[in-house]
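Colleague: I am in my first year and would like to learn how to read a structure like this one. Could we go through it slowly, one question at a time?

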Amino acid sequence: MQFGILGTAGIGVKSVIPAVQASDHTAAAIASRDEARASAVADELGIPTAYGSYEALLADDSLDAVYIPLPNGLHADWVRAAADRGHHVLCEKPLTASADETAALFDYCEDAGVTLMEAFMYRFHPRTERAAELVASELGEVVSVTSNFSFRLPDGAEDIRIDPDLAGGSVMDVGCYAVSAARLFLGTPDRVYATTTDTRDCGVDTRMSGVLEYDTGATARVESSFDTPETQYYRVQTFDGWLEAKPAFNVGPTASAELTYATDGRVVTETFDPTDSYRREVEAFARAAETGETPRVDREESVAVMRTIDAIYESADTGRAVELD
């Protein structure tokens, strides 16, 4: 599959483009609004073609798919533009700024006959797969989940992640991982209560703490922050044991990963060899696009995560718990 890269964002340059190149697929073209920048990245990474506009790349009919790592607030417009040209789309999270807009984006891509997948790379790491398997088949009923993804954004930083016009905020940037993990183990909550704080007076949340409640009595606590040292983990508590992963989401391709769990009075730690979760994500997306199968991160999951995020923001605004239908 021939991939076009829409933008020169760090996550693409450092992680996704090398992942495509390590797979059986090809990073065939890259675009930037600055043609010199696109050419420099293309030369650095051995990409054959560089374009000075996103429109020019999308007009390249030799491409099969487009990867979009642009700022959050630009995702939906460029996903639609790519779909209009018949390109399958792998787009960074979050796809949009609301559940309704996410559902509409999937409708648009389905009408265009292209595959759309949201790029939650951690879902493709073997440790995540094993954690889901253990909770589903070997541990008892889930009582609670705690999930956190936080890091310290430098003071005074001018960053798209704190730009309200680009759908910034800690929830949208890293809190979505915490919500995704809670849903992986417990599903969509029945009600949400959350608080957010804007510690930088920037117009978006820089810190969030939320409680997701389920009619079964289970709960999940989710947190995100731009104000604290890097923390990323999830812990699942069950009636008969527990399971924990840290760092949970962004594990480098040369780093091993551990999963620790307790059941039947024993504590077990499993170690996973270094794995490029971005490559596994790319390969899974390409397979879905080529075969027409449903991606692992599908419409249902993407919309459900955003419904929960919508409820987090509504609860934080109103100071009340929000019921999800």
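Colleague: In which loop is the place of Ala167?

Modeller: Please keep in mind that we are looking at a predicted model. Most residues other than glycine have a negative phi. Ala167 is not a glycine, and yet its phi is positive, at about 60 degrees. As for its place, Ala167 sits in the loop between β7 and α7 (170-186).

Colleague: How many helices and strands does the secondary structure of the protein chain come to, and what radius of gyration does the chain have?

Modeller: The secondary structure of the protein chain comes to nine helices and 15 strands, and its C-alpha trace spans about 55 × 40 × 40 Å along the principal axes. For 325 residues, a compact globule would have a radius of gyration near 20 Å, and the value for this chain agrees with that, because it is 20 Å.

Colleague: Which strands stand at the edges of the open sheet of six strands?

Modeller: The order in this sheet is β3-β2-β1-β4-β5-β6, with parallel pairing. Two of these strands have a single partner strand each, so one side of each is left without a neighbour in the sheet. These edge strands are β3 (49-51) and β6 (116-119).

Colleague: What stands opposite Leu6 in β2, and what angle does the direction of helix α1 make with that of β2?

Modeller: Strand β1 (residues 2-6) and strand β2 (residues 26-31) pair in the parallel sense over five bridges, and Leu6 stands opposite Ala31 in β2. Helix α1 (residues 10-22) packs on this sheet, where it touches β1, β2, β4 (65-68) and β5. The direction of α1 makes an angle with that of β2 of about 150 degrees.

Colleague: Which are the edge strands of the open sheet formed by nine strands?

Modeller: Here the strands follow the order β14-β13-β12-β11-β7-β10-β9-β8-β15, and the pairing is mixed. An edge strand of this sheet pairs on one side only, and that description fits β14 (266-272) and β15 (322-323).

Colleague: Since the pairing in that sheet is mixed, in which sense do β7 and β10 pair, and in which sense do β13 and β14 run?

Modeller: Strands of a sheet pair through backbone hydrogen bonds, either parallel or antiparallel. Strand β7 (residues 142-152) and strand β10 (residues 219-225) are joined over seven bridges in the parallel sense, with Ser150 opposite Ser225 in β10. Strands β13 and β14 form a hairpin with two residues between them, and Asp264 in the turn has a positive phi of about 55 degrees. Leu259 stands opposite Glu270 in β14, and the seven bridges that join β13 to β14 link strands that run antiparallel.

Colleague: Are α4 and α5 roughly parallel or roughly antiparallel?

Modeller: Two packed helices are described by the angle between their axes and the distance between the axes. Helix α4 (residues 75-84) and α5 pack with their axes 9 Å apart and at an angle of about 10 degrees. An angle under 35 degrees counts as roughly parallel, which means that α4 is, with respect to α5, roughly parallel.

Colleague: How many nonpolar, polar and charged residues has the contact of α4 with α5?

Modeller: On the α4 side the contact is made by Ala76, Val79, Arg80, Ala83 and Asp84, and on the α5 side by Glu101, Leu105, Tyr108, Cys109 and Ala112. Sorted by class, this contact of α4 with α5 has seven nonpolar, no polar and three charged residues.

Colleague: How are α5 and α9 oriented to each other, roughly parallel or roughly antiparallel?

Modeller: Helix α5 (residues 99-112) packs with helix α9 (residues 299-318) at an angle of about 160 degrees, their axes being 8 Å apart. The crossing of the two helices α5 and α9 is right-handed. Angles over 145 degrees count as roughly antiparallel, and therefore α5 and α9 are to each other roughly antiparallel.

Colleague: Which residues are joined by cis peptide bonds?

Modeller: Most peptide bonds are trans. Pro94 lies in the loop between β5 (88-92) and α5, while Pro247 is found in the loop between β12 and β13. Each is joined to the residue before it by a cis peptide bond with omega at about -15 degrees, and the pairs are Lys93 with Pro94 and Lys246 with Pro247.

Note on methods:
Residues are numbered from 1 along each chain as its sequence is written. This is a predicted model: local features need pLDDT of at least 70, side-chain atom pairs count only at pLDDT 80 or more; totals for chains, interfaces and linings use all residues. Side-chain values use heavy atoms; hydrogens and water are left out. Axes are lines fitted to C-alpha atoms, for helices over the stretch in contact, and angles run from 0 to 180 degrees between N-to-C directions. Helices (H or I, at least four residues) and strands (E, at least two) are DSSP runs, numbered from the N terminus. Angles under 35 degrees count as roughly parallel, over 145 as roughly antiparallel, 65 to 115 as roughly perpendicular and the rest as oblique. A crossing is left-handed if the near helix is turned anticlockwise from the far one by less than a right angle, and right-handed if clockwise. Two strands pair if DSSP finds at least two bridges between them. The radius of gyration is taken over C-alpha atoms; the globule rule is 2.2 Å times the number of residues to the power 0.38. Contact means heavy atoms within 4.5 Å. Ala, Val, Leu, Ile, Met, Phe, Trp, Tyr, Cys and Pro count as nonpolar, Asp, Glu, Lys and Arg as charged, and the others, Gly among them, as polar.
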